[in-house]
Amino acid sequence: MTKADTLLNDCFLHDKDRLRHAEALEILRSRIAPVVPTQTVALHEAMGRVLAEAVHAPQDVPLCDNSAVDGYAFRFSDHEPAGGFFQLRHRIAAGHPAAETLAPGGAARIFTGAVMPDGADTVAMQEDCETHEQDGKSFVIVPSGLKAGANCRKAGEDLTAGAQLMPSGHRLRAQDIAGLASIGMAHVNVFAKLKIGLFATGDELKRPGEPLSVGEVYDSNTFLLKALASSLPVEIEDLGILEDKQETVEAALAAAADQCDLILTTGGASKGEEDHVGTALTRLGHRHMWQLAIKPGRPMMFGQIGNTVVLGLPGNPVAAMVCFLLYGRPVISRLSGGEFLEPQRFQVPADFAVPKKKPDRREYYRGTLVTDTLGMSRVKKFQKDGSGLITGLREADGLIEIAEETRSVKEGSLVTFLPFSGMGLIS
Ligand SMILES: Nc1nc2c(c(=O)[nH]1)N[C@H]1C(S)=C(S)[C@@H](COP(=O)(O)OP(=O)(O)OC[C@H]3O[C@@H](n4cnc5c(N)ncnc54)[C@H](O)[C@@H]3O)O[C@H]1N2
Ligand code: MOO
């Protein structure tokens, strides 16, 4: 699929003043499709990458029936006639299968992971058995009470030959890498990393390390967004801070569109005369979405320049983070061949009250989980709602989501909580 196939060029601006969150998600979901090519990588480099094809087990895992414990293997049906008294015939260690079938009435000394000898189906743990030497022969006494097949791991118990382990589009986690290793895959076909170009905009911005003059602020969003994106399969390039000049913003976006799959900007997204990202996007390409009925994050925009997707995030740091998590993360994941990711949502009693909330917009507060006297979780709201307060983001465990139609929140009522850990963040 080419990039051109995945994005249409007509404009999606609504008649309504502001798009609702669900509508914005629907626009993004319907417009975004994978744009990156595929590549083969070594398994040890595949963590966090997105599978470009489904993976099936070429053989059973485990390949053979094997013992789950160190002990003695025998045929269950022999136990009663032998009174639990077996002559020891073989010694079978992991990696050294027995060449011969176990004779009827015989038992084999066996170790965890060793292949069950033909003729045996049950293993007794060594702690439960007694051994005995007589006339130069070794015997084992196995107590009764075991079930047929006890302590024997069957071939194919983990995966049967032909079973699908993972579909195409699956993002590989540590346990998935283990699963791929368990079927013998040394290389994996994955989607290439998405190329992201990141711009901050604003004459007031200074990079950390430089002295700050009156009227200036440090550019925290570049660092915030790079760190947020680092949990996704991307190559993100910091393209610097753009001055608040239409020509500068336009030239920079045009150049980046030739290099990147996705351009992320922060700041200059609103309606002021000094906010140039929207104008640049309209001139160079198409703005499909702008002005959402959410707080924070209202000026969030989405569009394209040629085949390059552009997400214009607001400049206020809280709004930038909220918009990245709600819209940037699913878009990046989908462009990279993965799913359009939705945050995890839980219903948690509120440890706060909001007497009056504006209708028709969805609000996101910073929330911290607390435990009440009964050991039940409740969610506390960061007191200040200001969109520039990074402290609230740092204190929070996640976001509290208040629906458009909600007019007030009573203490103790259930509210929706989106933990940061359910949006790919390190907790
Ligand atoms: N007349 C209106 N004014 C504003 C509206 C509106 O609808 N009408 N929306 C407000 C909302 S909501 C937001 S959010 C902000 C965001 O607007 P911009 O995306 O244009 O952001 P800026 O004006 O460039 O900056 C806002 C604020 O954030 C600081 N900032 C910007 N970039 C960074 C950065 N990289 N690191 C740290 N801080 C940054 C900037 O200094 C400003 O204080 O607009 C409202 N206004
Ligand atoms: O809604 Mo803005 O996004 O106040 O920060």
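Where is the place of Pro296? In this predicted model, Pro296 sits in the loop between strand S19 (294–295) and strand S20 (301–305), and the close-ups below start from there.

**View 1. A cis peptide bond at Pro296.**
Lys295 and Pro296 are joined by a cis peptide bond, with omega at about -5°. Most peptide bonds are trans, and it is worth having that in mind when looking at this view. The two residues of this bond also belong to the surroundings of ligand 2, where Lys295 and Pro296 are listed with Gly297, Arg298, Pro314, Asn316, Ala319 and Ser387. Sorted by class, the shell around ligand 2 holds three nonpolar, three polar and two charged residues.

**View 2. A cis peptide bond at Pro62.**
Here the cis bond links Val61 to Pro62, and omega is about -10°. Pro62 is found in the loop between strand S2 (55–56) and strand S3 (66–67). In the domain assignment, 53–61 is one of the segments of domain 2, while domain 3 covers 66–153.

**View 3. The surroundings of ligand 1.**
Ligand 1 is surrounded by 27 residues, and the closest are Asn221, Gly267, Ala269, Ser270 and Gly315. Two elements give two or more residues to this shell: helix H5 (221–229) and helix H8 (317–335). What does the shell look like by class? The shell around ligand 1 has nine nonpolar, 13 polar and five charged residues.

**View 4. Helix H8 and its bend.**
Helix H8 bends by about 45° at Phe324. Is this helix mostly covered or mostly open? H8 is mostly covered, with 19 of its 19 residues buried. After H8 comes Gly337, which has a positive phi near 95°.

**View 5. Strand S21 and its two partners.**
Strand S21 (residues 308–313) is mostly covered, and six of its six residues are buried. In a regular strand the side chains alternate between the two faces of the sheet. For S21, Thr308, Val310 and Gly312 point one way, Val309, Leu311 and Leu313 point the other way, and all are buried. Strand S17 (residues 262–266) pairs with S21 in the parallel sense over five bridges, and Ile263 has Val310 as its bridge partner in S21. S20 runs antiparallel to S21, and five bridges join them. Gln304 can be used to find this pairing, since Val309 is its bridge partner in S21. S20 and S21 form a hairpin with two residues between them, and Gly306 in the turn has a positive phi of about 60°.

**View 6. An open sheet of six strands.**
The strands of this open sheet follow the order S7-S4-S6-S5-S9-S8, and their pairing is mixed. Why does one side of S7 and of S8 lack a neighbour in the sheet? Strand S7 (122–125) and S8 stand at the edges and each has a single partner strand, so one side of each is left without a neighbour. On average, neighbouring strands of this sheet are turned by 40° against each other, direction ignored. For one pair inside the order, strand S4 (residues 71–74) and strand S6 (residues 106–110) run antiparallel and are joined by four bridges. Gly71 has Ile110 as its bridge partner in S6.

**View 7. Two positive phi values outside glycine.**
Most residues other than glycine have a negative phi. Asp135 has a positive phi of about 55° although it is not a glycine, and Asp135 lies in the loop between strand S8 (130–134) and strand S9 (137–141). Gln291 has a positive phi as well, near 70°, and Gln291 lies in the loop between strand S18 (286–290) and S19. Which of the two classes, buried or exposed, does Asp135 fall into? Asp135 counts as exposed because it has 5 C-beta neighbours inside 10 Å, and a residue is exposed at 12 or fewer. Gln291 counts as buried because it has 20 C-beta neighbours inside 10 Å, and the cut-off for buried is 20 or more.

**View 8. Domain 3 and domain 4.**
The domain assignment gives domain 3 as 66–153 and domain 4 as 346–423. The C-alpha centres of domain 3 and domain 4 lie 60 Å apart.

Conventions: Residues numbered from 1 in each chain as written. Chains lettered and ligands numbered in written order. Predicted model: local features only at pLDDT ≥ 70, side-chain atom pairs only at ≥ 80, totals over all residues. Near = placed C-beta within 6 Å. Nonpolar A, V, L, I, M, F, W, Y, C, P; charged D, E, K, R; others polar. Domains from an automatic or database assignment. Pairing = 2+ DSSP bridges. Axes fitted to C-alpha atoms, helices over the stretch in contact; angles between N-to-C directions. Bend = angle between axes of the 7 residues up to and from the residue.
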